[in-house]
Amino acid sequence: MKNKPYPFYNVPQMLDLKDMMNRLIKEQPQMTAFIYPCESGEMKKTYLDFYEDVNAFGTWMYKKGIKAKHVGIIGENSYEWLIVFFASILGGNVAVGIDKSLPEDEIATLAGIGDVDLAFISGTYYEKVKSKLNKDCYNLKEFEDILSEGRQLMKEDDPEYAEYKNYDVVLDDTATILFTSGTSGVSKGVELTNRNIAFEIVHTSMLFEPKGGVLAVLPFHHALGLVVGILMVINYGFPIYINKSLKYVKKNMEDFKPQTMFLVPMFVEFFHRQIWAEIKKKDKMNAFRGLMKSTDLLLKTGVDVRKKTYGSIQKVFGGNLEYIICGGAALDPMYVKDFRSWGIEILNGYGATEMSPCVSVNRPEFKKDGSVGYMIPGMEAKTTEEGEIAFKGDIIMKGYYKNPEATAESLIDGWYHTGDLGYVDEDNFIFLTGRKKNLIILSNGENISPEELEGDILRDEAVQEALVYDENGKIVAEIFPVEEHFGDTAYFEKLKNKVNKGRPIYKQITRIKLREEDFVKNASMKIVRYKNIPGSVPPNTEKKD
């Protein structure tokens, strides 16, 4: 297999989302844009359907006086969610995506942080949320009625229709506010402009080009799920199957047979664990690893028998899956290598909501295992004296909404300081070594990156999740095992010794703690460190006696 630089993909250009929509209805109005489950089976929407629905909904919004407002969107992934998002932005409103799974009080807090003027809420969450918001709330169960009214206004040539349709998108205006889902502290509202989003879509697409349908699993209120998993695919003009609930992922894969999926590491790790568990049940672990070595060797000689050999594994994903784009957290190269052996390429990427969100991704024919990808064209990077990696370019956020202190801390002379320790190599690939704020600083002055130890622990098949931290000057590893190893202290003492072997004393784990429930996580399914480490408090707060 070749693994060397090659030209960027020829990407459809766009100035903003309205420009993208106008191009698509000229070039492929009858092509399928979205497929999603409904009561009668499946609903299909063409690009022309999508365009007309956005205009109808936006016209209705203008008639209701929803102009230059902050529009909250709360609900599960759905076509309706996307229509509200597009209709808001293309009419000059600011779309504010909020995680529907949060407690009602937290939803209300985020709505307050984002200055939400009104909210569209899915029927599932409407009653739960509306009483807490104290705002005008619209139930998306009435979606078809809203569209019908909007279409009628358009037919009547209502002046509000012309006003909505003729709105000129301003590139440096805020398009959306999406909330950080970091592993510490209170969520902040990230302002992304129309320019940020357009630059992200075009330049990330230059590194990766889907060749078929995409199953949308990640939540739309999450920047990776929305901007990369939806908007980038729309710009390329491929169909998107909308997954409304994680419990239907397996069925959706079987029905839709996606060519590409955008996932966070939790999903990859889950699928990997399930596949190996099935192999272990059949007592074929050693034989299967031997088979993988054989097919890997054949692949190096140019003979690819993976589809035939690992058909049963590929069938789990619908039988057509070629690529998983993985971001949102670190992913051990072990998963990349195993999935590659089975004929599915995981392209690890990197970014943050503050970077719209993707700044790098490994390419299909140019990749480095262990890296978080090739930096997208048009961006600059540097490493500070402290080892922190920072970026500059048109994907960098406008700032944290009404939070000048946090903005000034993260944005310095146009450079976004990520909080990640890392570097860019001579080939433009980004490598991360840990989190600046997570560093364990021992009394002897030595610094330890907990991610290094956590990575070694997580390679063990008996481990689901792990967290390493300092407790009274000792390094503790807290582990959530797979169910059959609950309480198995002898097993994990051996694992501790294995991880410690060859490490200097100051880097060795002193104690193992076992859990019987998973760690508290954020919307990106990353462990929230301060909520799981005993005695820890969120940043910018003081410990009280």
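**Aromatic pairs and a buried lysine**

With a relative accessibility of 9%, Y350 counts as buried in this predicted model. The residue belongs to strand β13, which covers residues 345-351. Its aromatic partner, F391, is placed in strand β17 (residues 388-392). F391 is likewise buried, its relative accessible area being 0%.

Across the whole structure, a search returns 35 aromatic pairs. In the pair of Y350 and F391, the ring centres are 6.2 Å apart and the planes meet at 55°, so the arrangement is classed as tilted. An angle between 30 and 60 degrees falls in that class, because planes under 30 degrees apart count as stacked and those over 60 as edge-to-face. Since one ring is in β13 and the other in β17, the pair ties together parts that lie 41 residues apart in sequence.

A further aromatic pair is formed by F366 and F429. The geometry here is edge-to-face, with 4.8 Å from centre to centre and 80° between the planes. F366 is found in the loop between β14 (358-361) and β15 (374-375), while F429 is found in the loop between β20 (415-424) and β21 (430-435), so this pair ties together parts 63 residues apart in sequence. F366 is buried, at 6% relative accessible area, and F429 is buried as well, at 0%.

Charged side chains also lie over aromatic rings. K382 is positioned over the face of W415, 4.7 Å from the ring centre. K2 is positioned over the face of Y6, where the distance to the ring centre is 5.7 Å.

Another lysine, K496, is located in helix α18, which runs over residues 489-500. K496 counts as buried, because its relative accessibility of 13% is under the 20% limit. The side chain of K496 makes a polar contact of 3.2 Å with the side chain of E493. The K496 side chain also reaches the backbone oxygen of T510, at a distance of 3.5 Å. When residues up to four places away in sequence are left out, K496 touches I509, T510, R511 and I512. T510 thus appears both among the residues touched by K496 and as the residue whose backbone oxygen the K496 side chain reaches.

Note on methods. Residues are numbered from 1 along each chain as its sequence is written. This is a predicted model: local features need pLDDT of at least 70, side-chain atom pairs count only at pLDDT 80 or more; totals for chains, interfaces and linings use all residues. Side-chain values use heavy atoms; hydrogens and water are left out. Helices (H or I, at least four residues) and strands (E, at least two) are DSSP runs, numbered from the N terminus. Buried means under 20% relative accessible area, exposed over 50%, partly exposed in between (1.4 Å probe, protein chains only). A polar contact is a pair of N or O atoms within 3.5 Å; within protein, one must be able to donate a hydrogen and the other to accept it, and residues adjacent in sequence count only if both atoms are side-chain atoms. Contact means heavy atoms within 4.5 Å. Rings of Phe, Tyr and Trp (its six-membered ring) pair if their centres lie within 6.5 Å; planes under 30 degrees apart count as stacked, over 60 as edge-to-face and the rest as tilted. A charge sits over a ring if NZ of Lys or CZ of Arg is within 6 Å of the ring centre and within 35 degrees of the ring normal.
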